[in-house]
Structures are given as structure tokens and as C-alpha cells.
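Please open the structure in your viewer and keep the sequence panel beside it. This tour proposes one selection after another and describes what is found at each stop.

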Amino acid sequence: SDSKVMTCAAVWRMPKELESGSHESPDDSSSNTQTLELLCHLDNTAHGNMACVMWEPMGDGKKVISLADNNILLWDLQESSAKAVLSSSAALEGKGQLKFTSGRWSPHHNCTQIATANDTTVRGWDTRSMRQIYCIENAHGQLVRDLDFNPNKQYYLASCGDDCKVKFWDTRNVTEPVKTLEEHSHWVWNVRYNHSHDQLILTGSSDSRVILSNMVSISSEPFGHMVDDDELSDQEDQHQEEKIKEPLQDSVIATYEEHEDSVYAVEWSSADPWLFASLSYDGRLVINRVPRALKYHILL
């Protein structure tokens, strides 16, 4: 509007036919194009441009947080989501034009914590008091692009940025990252933990590559699956004990180079833990699977 670009947010409802569990085939040529129903806008006229919107990970889907310029806004969706009421907010204070780039709502601690990124800093906030609970200054050498919480380990957080690095943090001690990955050669736009197997990490970068890593040493199962002692003979037992004491090695599982331009989004399937998608600037959407050998190694 008025030759200015504004970024806004709204809540929409999907048609009933498209809801999960519906048996109708979405590619049925006879089905008409469905339209989404606009429920409400998240009014940000007083707060500036929206950087991102996050649903509360658990709960009834009535709470939404949006990051707009230097503001954190907690919205309460009321009356069958036809109205969004601002229930609390906090502002980022400091020198210069502070703006959030991204954020993530933690699925742990009864969903009372979020992490935000602005410039090179990662901050944690308590959504009940809207106060800062930790701050990782200079988490990256350049802009922090994305964050993700480990779904199974409550204090673990991944971040990525324009310094080409992916870092893993324990939010109880933020002086040093627990682990750093340096596999990309340009800005890393996305980092995503697998929802079921938190050793699997997906990253996408403007080096046009998607990298699947096995960060097993900082996962919830660093020593692999435990085997029941009764099932082992003495010799196997000894060998197994040696194996259990030795954490499995972190490694890059695969590098995917089907994209010819910057990869701006990577996402795991919410239904199939071995399936993931990536999207690049040239409009190419690629769907890949975790290599079968690794899948069986994790499962068996």
C-alpha cells in the first residue's frame, strides 16, 4: 500500500473435505477448487511488519504468537477463531533498529517458552510474564535465520545463520554451543529436527543444497537402542556392552543437489517420519526419503 510493502498475518480455515482423515482424493479432477475461509486478521498496524507467526505446539489451537518488528505479540483466538484479541506483548529494547527475524515456540515446559532470533542474537522468553529468560549474544557471526527445538530433549535448541553454520545449544548453559555443523558454503535458511527421531537434522541453504545430518551424540538416544540383556549370549553381551559405552558418531548422511537455486524452506512430513520436502527460489519442490539403510539402522 502507498508503494510500501507491508507483511501481515491472518487466520484461515481449511475446507472440511481437506481435513486429515478425509478419504476423498485431493487430485480427483471432478472436485471443484475449494476456497479458504478468512477467520480474522492479526491486527499489527501499531506494531510493524510481521516476521513470523507460531501456533502453540500443544493445546487447543487458541493461542498464537506473532513477531512484528521488535514486538512479541500473544494472541487469543476467540469465538470460533473469528476474532483475535491481543492478550500480552513484549518489546525488544536496545540500540538501533531491532527487528526479529524468526522464532519458535517450545513444545516443552507446558508451552511456556519461546525462542526468538534478532540480528546475531538468540533469546528465550517466558510467555506467562513476557520476560527474557536467556540470551545468546553473538550466537552466530552474522544474521540468525532460523531456530528449532529438539522435540525430545527439553533444553536443546538448534540455530542456523548467514555464517554458514548450524549450532546446537543447551539453554541451561549458553556460553558455548554443544555442537557446530559447518557443511554449507552459503547462508543456512532453515534447520529442522525430525519429529520422531531427533538425531536426524535437515538443513537448507542458498548454496542450493539440502543436507541431512545424523547428530546422534546429542540426541535422546546417543548410544543407540538398548538391547534386553536376556537375549544375549555371554560373548555377545560383552561385545554389546562395549558398543553401548561408545556413542555413535555424528555424520552427514546425504547431500541433496536437485535444486538449482537457493533452498529457502525444508520441512519434515508430519505424517511420515522418513519423508521430507524442500523448496527453492526457482519454484522447484523436491520430496525425498531418508535412505533405507539408515532407516533400518535406527529402527532395528
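Which residue takes a positive phi in the hairpin of S5 and S6? The residue is Glu 79, with a phi near 45 degrees, in a hairpin that has four residues between the strands.

Before the tour continues, some ground rules are needed. This is a predicted model, in which local features need pLDDT of at least 70 and side-chain atom pairs count only at pLDDT 80 or more, while totals for chains, interfaces and linings use all residues. Residues are numbered from 1 along each chain as its sequence is written, and side-chain values use heavy atoms, with hydrogens and water left out.

**The whole chain**

Select the protein chain and colour it by secondary structure. It comes to two helices and 21 strands; helices (H or I, at least four residues) and strands (E, at least two) are DSSP runs, numbered from the N terminus. The chain has 300 residues, of which 42% count as buried. Buried means under 20% relative accessible area, exposed means over 50%, and partly exposed lies in between (1.4 Å probe, protein chains only).

Now show the surface. About 16,900 Å² is exposed, and carbon and sulfur atoms supply 47% of it. Such areas come from the Shrake-Rupley method with a 1.4 Å probe; for residues, only the protein chains shown count as cover.

**Strands S4, S5 and S6**

Select residues 71-78, which are strand S5. Six of its eight residues are buried, so S5 is largely enclosed by the rest of the structure. Add strand S4 (residues 63-68), which pairs with S5 in the antiparallel sense over six bridges. Two strands are said to pair if DSSP finds at least two bridges between them. Lys 63 has Asp 76 in S5 as its bridge partner. Two residues separate S4 from S5 in their hairpin, and Asp 69 in the turn has a positive phi of about 50 degrees.

Next add strand S6 (residues 83-91), which pairs with S5 in the antiparallel sense over eight bridges. Here the bridge partner of Ile 72 is Ala 90 in S6.

**An open sheet of four strands**

Select strands S15 to S18. They form an open sheet in the order S15-S16-S17-S18, with antiparallel pairing. Strand S15 (188-193) and strand S18 (251-256) are the edge strands, each pairing on one side only. From one strand to the next, the twist averages 20 degrees; the axes are lines fitted to C-alpha atoms, and angles run from 0 to 180 degrees between N-to-C directions.

Within this sheet, strand S16 (residues 200-205) and strand S17 (residues 210-214) pair over five bridges. Ile 201 stands opposite Ser 213 in S17.

Then select Gln 199, in the loop between S15 and S16. Is Gln 199 buried or exposed? Gln 199 counts as buried because its relative accessible area is 9%. Leaving aside neighbours within four places in sequence, Gln 199 is in contact with residues including Ser 213, Met 215 and Ile 298, where contact means heavy atoms within 4.5 Å.

**Salt bridges**

Show the charged side chains. The whole structure has 11 salt bridges, each a side-chain nitrogen of Lys or Arg within 4 Å of a carboxyl oxygen of Asp or Glu.

Select Arg 192 and Asp 146, whose side chains meet in a salt bridge (2.8 Å, N to O). This pair links distant parts of the chain, with Arg 192 in strand S15 and Asp 146 in strand S11 (residues 144-149), 46 residues apart. Arg 192 is buried, with a relative accessible area of 8%, and Asp 146 is buried at 6%. Add Glu 267 to see a network of salt bridges that links Asp 146, Arg 192 and Glu 267.

Finally, select Arg 128 and Asp 126, which form a salt bridge of 2.8 Å from N to O. Arg 128 is exposed, with a relative accessible area of 62%, whereas Asp 126 counts as buried at 12%.
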